[in-house]
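Colleague: I have a new model open and would like to learn how to read it. Can we take it feature by feature?

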Amino acid sequence: MVAALDMSMPAEWQALGLTPGLSLRVFGMRRSGNHAILSWLQRNAPSGRSVFLNNCKPGTDPLHNARGIEVNGAHASHNQAKRNLPAVTQEAGDGALFLVSYEDTSPAEFGLSRQPSGAFDEALFSHNVLIYRGFLNWSASLLKKMQANDGYTLVRRNGIVLRTIDSYIRLLGLVRQAQDLGLVAICYDRWMRSADYRAQLLQDLGLGQHDNSLGEVQHYGGGSSFQKQASSAAELQTDRRWQQMRSDAEFQAMLHMAARDAALLEELEALFPEDAAYLKNVAQHQPLPQGEGL
């Protein structure tokens, strides 16, 4: 039986079935390490208690449009949650960490007339978090993931990649303004490399440090596109993805297009100068062979 709710609490918390101690809304492009970071946040939740609404539909109330749910770090019944959310979340209880995630979008895609979480009260989120990753490794992972889908033609998967790059550019624009806008930006590359960086982020978010390891490989979206057998995130060579795709003709073609995008280069020069330098070098070479008869 679900305990009676305090009707003086916000309607959103009544619908959730508890009053969180901390609520985080997280944005990031897919293949940016989102789920590794979300798992880490859950492992550092107060007393291990958390409710996580995964991959919510942008522009709508996350309580009604999540594509999955975890309670206290374990998968819960999505169908039951859709019928009676408090019956599923009650195990976490008041004071738990509340996490809402959105993929392939960011606050940059919205405005006053349309909010990222629809009618859900924006003021109830303690922090808005942006997860981002260096372009070369991110784009390699994204394309590799698309190539594994037999139902996608070359044109379809490359259309998805190019549209996602457009959103990625706008996300990086927000990352550069994060401090002024009150956003918390998490660079996946630094997060993977530095325990000190992870510890500082936990402090910035108002979480205690209970498990600051990289944790296990998360299997959302099929897990790693490159290392299917890896179980520990520490095993992943996430900083070598673009080298592993370097000889792939599709990846080469995508890089040639990206190298000619002035907006992308501007963002990368500020955040990932080595990636920007590599793309500038790519742009100096013709993408197709030149000569008579061609």
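Modeller: Start with charges: the side chains of Arg30 and Asp104 meet in a salt bridge, 2.5 Å from N to O. The term means a side-chain nitrogen of Lys or Arg within 4 Å of a carboxyl oxygen of Asp or Glu. This pair links distant parts of the chain, 74 residues apart. Arg30 sits in the loop between β1 and α2 (34–43), and Asp104 in the loop between β5 (97–103) and β6.

Colleague: What kind of model is this, and how are its residues numbered?

Modeller: This is a predicted model, with residues numbered from 1 along each chain as its sequence is written. Local features need pLDDT of at least 70, side-chain atom pairs count only at pLDDT 80 or more, totals for chains, interfaces and linings use all residues, and side-chain values use heavy atoms, with hydrogens and water left out.

Colleague: Where do names such as α2 and β6 come from?

Modeller: They are DSSP runs, numbered from the N terminus: helices are H or I with at least four residues, strands are E with at least two.

Colleague: How many salt bridges are there?

Modeller: The count comes to nine. One of them joins Glu250 and Arg157, at 2.7 Å from N to O. Glu250 lies in helix α12 (residues 249–258) and Arg157 in helix α7 (residues 154–176), so the pair ties together parts 93 residues apart in sequence. Another joins Lys280 to Glu269, with the closest N and O atoms 2.3 Å apart. Lys280 is in helix α14 and Glu269 in helix α13 (residues 262–271), 11 residues apart. Salt bridges with shared partners also join Glu109, Asp166 and Arg170 into one network.

Colleague: Which of Arg30, Glu250 and Arg157 are buried, and which partly exposed?

Modeller: First the scale: buried means under 20% relative accessible area, exposed means over 50%, and partly exposed is in between (1.4 Å probe, protein chains only). Arg30 has 27%, so Arg30 is partly exposed. Glu250 and Arg157 are both buried. Lys280, at 38%, is partly exposed. Glu269 is partly exposed too, at 39%.

Colleague: What about a buried charge with no salt bridge?

Modeller: Look at Asp275, in helix α14 (residues 273–283). Lys and Arg count as positive, Asp and Glu as negative; His and the chain ends are not counted. Asp275 is buried yet has no salt bridge. The nearest side chain of opposite charge, Arg133, is 8.7 Å away.

Colleague: Which residues does Asp275 touch?

Modeller: A contact means heavy atoms within 4.5 Å. Not counting residues up to four places away in sequence, Asp275 touches Gly134, Phe135, Leu136 and Leu268.

Colleague: Where does Phe135 belong?

Modeller: Phe135 is in the largest nonpolar core, which has 84 residues. Such a core is a set of buried Ala, Val, Leu, Ile, Met, Phe, Trp, Tyr and Cys residues joined through side-chain atoms within 4.5 Å. Leu41, Phe135 and Trp191 have the most contacts inside this core. Helix α7 gives the largest share, nine residues.

Colleague: How do strands pair, and which ones pair with β6?

Modeller: Two strands pair if DSSP finds at least two bridges between them. Strand β1 (residues 22–28) pairs with β6 in the parallel sense, over five bridges. There, Val129 of β6 is the bridge partner of Val26. β6 also pairs with strand β7 (residues 184–187), again parallel, over four bridges. Strand β6 (residues 127–132) is mostly covered, with five of its six residues buried.
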